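Please look over the model below. The report that follows goes through its surface, its sheets and its side-chain pairing.

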Amino acid sequence: MFETTVVESKKQKVGLQKYMTLPVSIGLHVVVIAAVLFGAVWNISFPTNSPAQVAQYSVAAAPPPPPPPPPPPKAATVTVVKPVIEVPKNIQEMAPTTVPEKVQPVATAATNAGVEGGVEGGVEGGVVGGVVGGVVGGVITDTAPPPPTAPLRVGGDVKAPIKISSVDPVYPEVARKARISGIVIVECTIDKSGNVTNVQVLKPLPFGLDAAAVEAVKKWKFRPGTLNGQPVDVLYNLTVNFKLN
């Protein structure tokens, strides 16, 4: 009997413990979940400043295009006035009743009448045998125009003279010792015979070099300049070069 009592007492305790285990387990789970949530919320740092305000922008529609420019004014119309030709009413009476057998030519005044033996298209005042392009009223003569008295400049119909022979200038000893060199330019007249006259220095050099150049060019010989194939006196520039060896 004693053993039976002990066995029944143990069965009752085991049944009570079974019913208490489930609530305790649920309570423990709730406590753990609450602790985890509390720890997670505790570690979150909330911002102290207010969130940035978002500005709202409104996009307005583009303004309408400007009105087109006004059209240009129309050009003024030009009224062409046609001349009114009055036709005489009695035109039938004005017409001749008979046709003449011969019509007389209208006499015209003669203008610029030429001379006998002249050429068609000639110049008024010309003479028979004149040259086309000659001077108005000129007369053909066999005598040539007189040659010019003053020297002529080279150019145009005046041909330049051509040097035939020349002599070297004497180099002054004082200029050689001073190591002076360069060119001397002279202007001279070359006459019809090809001789050099009237020498004038345009670009001199010191220590007697210009005088030596003048003495040298006076001994030069030229084929004279010409005008229309005839020899004439011409003005000409000559250059004398002084070089040191």
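## A nonpolar surface patch

V30 is exposed: its relative accessible area is 52%, and the cut-off for exposed is over 50%. This is a predicted model. V30 belongs to helix α1, which covers residues 2-43.

V30 has company on the surface. Together with L22 and I26, V30 makes up a nonpolar patch. The accessible area of the three residues together is about 300 Å².

## The four-stranded sheet

Strands β1, β9, β4 and β5 form an open sheet, in the order β1-β9-β4-β5. The pairing in this sheet of 4 strands is mixed. β1 and β5 are the edge strands, and each of them pairs on one side only. Helix α4, residues 209-217, packs on the sheet. The helix touches β4, β5 and β9. The direction of α4 makes about 125° with that of β9.

Now the individual pairings. β4 runs antiparallel to β9 (residues 234-242), with 9 bridges between the two strands. One of the residue pairs here is G182 with its bridge partner F242 in β9. β4 also pairs with β5 (residues 196-203), again in the antiparallel sense, over 5 bridges. In β5, Q200 is the bridge partner of E187, and T197 is the bridge partner of T189.

β4 and β5 form a hairpin with 5 residues between the strands. Within this hairpin, G194 takes a positive phi near 90°.

## V199 and its surroundings

V199 sits in strand β5. Is V199 buried or exposed? With a relative accessible area of 18%, V199 is buried, because the limit for buried is under 20%.

Which residues are in contact with V199, leaving aside its neighbours within four places in sequence? They are V186, E187, C188, V214, V217 and K218. V186, E187 and C188 fall within the residue range of β4, 182-190. V214 and V217 fall within that of helix α4, 209-217. T189 offers a distance to check: its C-alpha atom is 7.0 Å from that of V199, and the two residues are 10 apart along the chain.

## The salt bridge

How many salt bridges does the count give? The count comes to 1 salt bridge. R153 and E187 form it through their side chains, with an N to O distance of 2.9 Å. R153 lies in strand β1 (residues 152-153) and E187 in strand β4 (residues 182-190), so the pair ties together parts that are 34 residues apart in sequence. Side chains of opposite charge can pair when their charged atoms come close.

E187 counts as buried, at 17% relative accessibility. This residue recurs through the report. E187 has Q200 as its bridge partner in β5, is in contact with V199, and meets R153 in the salt bridge.

## The three-stranded sheet

A further open sheet has 3 strands, in the order β2-β7-β8, and its pairing is antiparallel. β2 (158-159) and β8 (230-231) stand at the edges with a single partner strand each, so one side of each is left without a neighbour in the sheet.

Strand β7 covers residues 226-227. β7 and β8 run antiparallel and are joined by 2 bridges. Which residue in β8 stands opposite L227? The residue is Q230.

Key: Residues are numbered from 1 along each chain as its sequence is written. This is a predicted model: local features need pLDDT of at least 70, side-chain atom pairs count only at pLDDT 80 or more; totals for chains, interfaces and linings use all residues. Side-chain values use heavy atoms; hydrogens and water are left out. A salt bridge is a side-chain nitrogen of Lys or Arg within 4 Å of a carboxyl oxygen of Asp or Glu. Buried means under 20% relative accessible area, exposed over 50%, partly exposed in between (1.4 Å probe, protein chains only). Two strands pair if DSSP finds at least two bridges between them. Patches are made of residues with over 30% relative accessible area and no salt bridge: like charges are joined within 9 Å, nonpolar side chains (Val, Leu, Ile, Met, Phe, Trp, Tyr) within 5 Å. Accessible areas come from the Shrake-Rupley method with a 1.4 Å probe; for residues, only the protein chains shown count as cover. Contact means heavy atoms within 4.5 Å. Axes are lines fitted to C-alpha atoms, for helices over the stretch in contact, and angles run from 0 to 180 degrees between N-to-C directions.
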